[in-house]
Structure formats: C-alpha cells, structure tokens
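Hi everyone, thanks for coming. I'd like to walk you through one protein today, so have a look at the sequence and the picture, and we'll go through them together.

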Amino acid sequence: MIKFNSFSKLISIIYIFFYLISSTFAICEDNFKKIFQNIETELNERNFALLEKYFDKNEKIEFKNKFFKLIREFPDAKWEVINSNSINPNQHKLDMKLYGSKNLNGKKFKLESIFNITLNLDNGLIKQSNIKSNLTTIRSDDNQIDLKISIPDKVLTGSKYNIDVVLNQPLEETIIAGGIKEYQEGKLLNQSIPLEPLATGGIFKVSRAPLVPGIQTWTGIIAHPSGLVSFTKTVNIVDDY
C-alpha cells in the first residue's frame, strides 16, 4: 500500500495561477494574451518582484507560499501558456502546461501537468476559477513505459463511464502492479492506494458520476520494473452537454 503524499503537493500546483489576475486583464484580448506571456516569463525567471504587481494584497502572501513550495519540490519547474482566449470581458480561459523534475533516492522523477482553467473576474479581479480538465503525472521511468491514461474530460451527472490505464507493450514475463482511487477533498493525506497485480496489462474500471455537477478526481499509480508512474486526472461532471 503506497501513501499518496506526493499528490498533496500536486493538487496545489494548478491553484498557483488563480492569483495571477489584475484589472488589466479585462481590457482586451490582445492585452490579456500579452500579460500572460509576461507572467509565463516572470514565473520561469523566478522574478517574484515583478509578479507581485498582479496580486491583490490579501492574496500576495498565499501565492508566495505556494509558489516557493512548488519550487522547493521541483527546482527546475517551468510554466507554459499553450493558449488563452476571452469568453467575455469578465471570463477568460487558459490552457497551460507545467513541467519539472526532482531527484529522490538516486532516481529522477519528472512532473508534467496539462490543464485548462476558466477564470471569472469581478472588476478586473479574480472572483472564481474552475479547472475543467487536468492530467498530472510524475514518472521515474524516463518515459520508457508506453502508457495510455484514458479517462474522459467530461461526463453527465449520474452516468457510467470507463477508466482505463493501459500499458501498450506486451507484458511477457514482466510483473507490474497498480491501483487507482477517487480523491476525497480534505482527506488526501490520510488516503492510500492499495496495489494489486495487473495481469491484464492495466487498470480497467467502470465508475458512476455523482448526481450533482462538479469535479471528480482520480489518483493512481503503476509500479513497473522500469520505474513508477503516478497520476491524477480530473473529470468535469455536467448536467448538460
């Protein structure tokens, strides 16, 4: 049984961006994109003095703590704004990528997180942020394991859906183990994922979505002779497509 303490740190990664909004974002699409390009540069250069100008004074300390906590965990972390667009003057959408690495017990673990966020603004300041899709992995296998994580981004309330984590290469004599579990808000540090032999070459599960809209999050792990792959994936639960 493996404690999933690493994901207590990962869950907060995406929320770092929730504090990078100022009144200038509500001006126009071109300024919106330019500002996020500047933020990407400032994040990657660790230039917190310049980043401060995007903060409400009440959020500055919290952002700083989260920012430097991430840097301690993944010293070479890099951010990338893949795409950004304005839905309306008070609502914006970002597609982002975060990646980095750390050395632990003689092994190198690589982080990659791809996610999109919808930002709702009030008077140019962030009012609410919603993550619509997120897939985060931490791997120590140097990408040698040909793994496909097939979990939908969006499903209807109350519907059944498949969760498939597939190893594409033949197993032959290889012995692997793995497990997956739904993340429960506020209980992550106390959760563990039981590992079971995966004779079928992956994890295959049918789940039912909650009856109310929201976000359902899954965390899992694959233990392979080539290394470990841990992951978290969010599913957007909606009542209408």
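**A walk through the model**

Let's start in a loop: Asp142 is found in the loop between β5 (125-139) and β6. Before I go on, please keep in mind that this is a predicted model. Now, back to that loop. Asp142 has a positive phi of about 55°, although this residue is not a glycine. Is Asp142 buried or exposed? It's exposed, with a relative accessible area of 51%.

There's another residue with that kind of backbone angle. Asn105 has a phi near 50°, again a positive value in a residue other than glycine. You'll find Asn105 in the loop between β3 and β4 (107-122). Asn105 counts as exposed, at 75% relative accessibility.

Okay, let's zoom out for a minute. The protein has four helices and 14 strands. Of its 241 residues, 44% count as buried. The accessible surface comes to about 12,700 Å², and 48% of that belongs to carbon and sulfur atoms. Here's one about how the chain folds back on itself: take the contacts between residues at least 6 apart in sequence, and 60% of them join residues at least 24 apart.

Next up, charges. Side chains of opposite charge can pair when their charged atoms come close. How many salt bridges does the structure hold? Four, and I'll show you some of them.

Right beside our starting loop residue in the numbering, we have Asp141. The side chains of Asp141 and Arg139 meet in a salt bridge, at 2.7 Å from N to O. Asp141 is buried, with a relative accessible area of 0%. What about Arg139, buried or exposed? Arg139 counts as buried, at 14% relative accessibility. The cut-off for buried is under 20%, which is why 14% makes it in.

Another salt bridge joins the side chains of Asp153 and Lys233, at 2.9 Å, N to O. Asp153 lies in the loop between β6 (147-150) and β7 (154-156), and Lys233 is in strand β14 (residues 227-238), so the pair ties together parts that are 80 residues apart in sequence. The partners sit in unlike surroundings: Asp153 counts as partly exposed at 42% relative accessibility, whereas Lys233 counts as buried at 4%.

And then there's Glu73 with Lys102, whose side chains meet in a salt bridge of 2.8 Å, N to O. That pair links distant parts of the chain: Glu73 is in helix α4 (residues 57-73) and Lys102 is in strand β3 (residues 91-104), 29 residues apart. Lys102 is partly exposed, with a relative accessible area of 22%.

Stay with Lys102, please. Which ring does the charged end of Lys102 sit over? The ring of Phe74, with the charged end 5.6 Å from the ring's centre. So Lys102 has a salt bridge to Glu73 and a ring contact with Phe74, and those two are easy to find together on the screen. While we're on rings, the count of aromatic pairs comes to zero.

On to the strands. Strand β9 (residues 177-182) pairs with strand β11 (residues 196-197) in the antiparallel sense, over two bridges. Strand β9 is also joined to strand β13 (residues 214-224), by six bridges, and those strands run antiparallel too. A good residue to click on here is Gly178. Gly178 stands opposite Glu196 in β11, and Gly178 stands opposite Ile222 in β13 as well.

Ile222 takes us to Leu167, in strand β8 (residues 160-167). Leu167 counts as buried, at 7% relative accessibility. What does Leu167 touch, leaving out residues up to four places away in sequence? The list is Ile145, Asp146, Leu147, Ile176, Gly201, Gly202, Ile222 and His224. Take Leu147 from that list: Leu167 and Leu147 are 20 residues apart in sequence, yet 4.7 Å apart in space, C-alpha to C-alpha.

One more stop, in a helix. Asn44 has its place in helix α2 (residues 29-44). Asn44 is buried, with a relative accessible area of 18%. Leaving aside neighbours within four places in sequence, Asn44 is in contact with Ala77, Lys78 and Trp79.

That's my tour. If you'd like one place to go back to, try Lys102, with its salt bridge to Glu73 and its charged end over the ring of Phe74. Thanks, everyone!

Notes
Residues numbered from 1 in each chain as written. Predicted model: local features only at pLDDT ≥ 70, side-chain atom pairs only at ≥ 80, totals over all residues. Heavy atoms only, no water. Phe/Tyr/Trp six-rings, centres within 6.5 Å; stacked < 30°, edge-to-face > 60°. Lys NZ or Arg CZ within 6 Å of the ring centre and 35° of its normal. Pairing = 2+ DSSP bridges. Buried < 20%, exposed > 50% of the residue type's maximum accessible area, 1.4 Å probe, protein only. Contact = heavy atoms within 4.5 Å. Areas by Shrake-Rupley, 256 points an atom, 1.4 Å probe, with all protein chains shown as cover.
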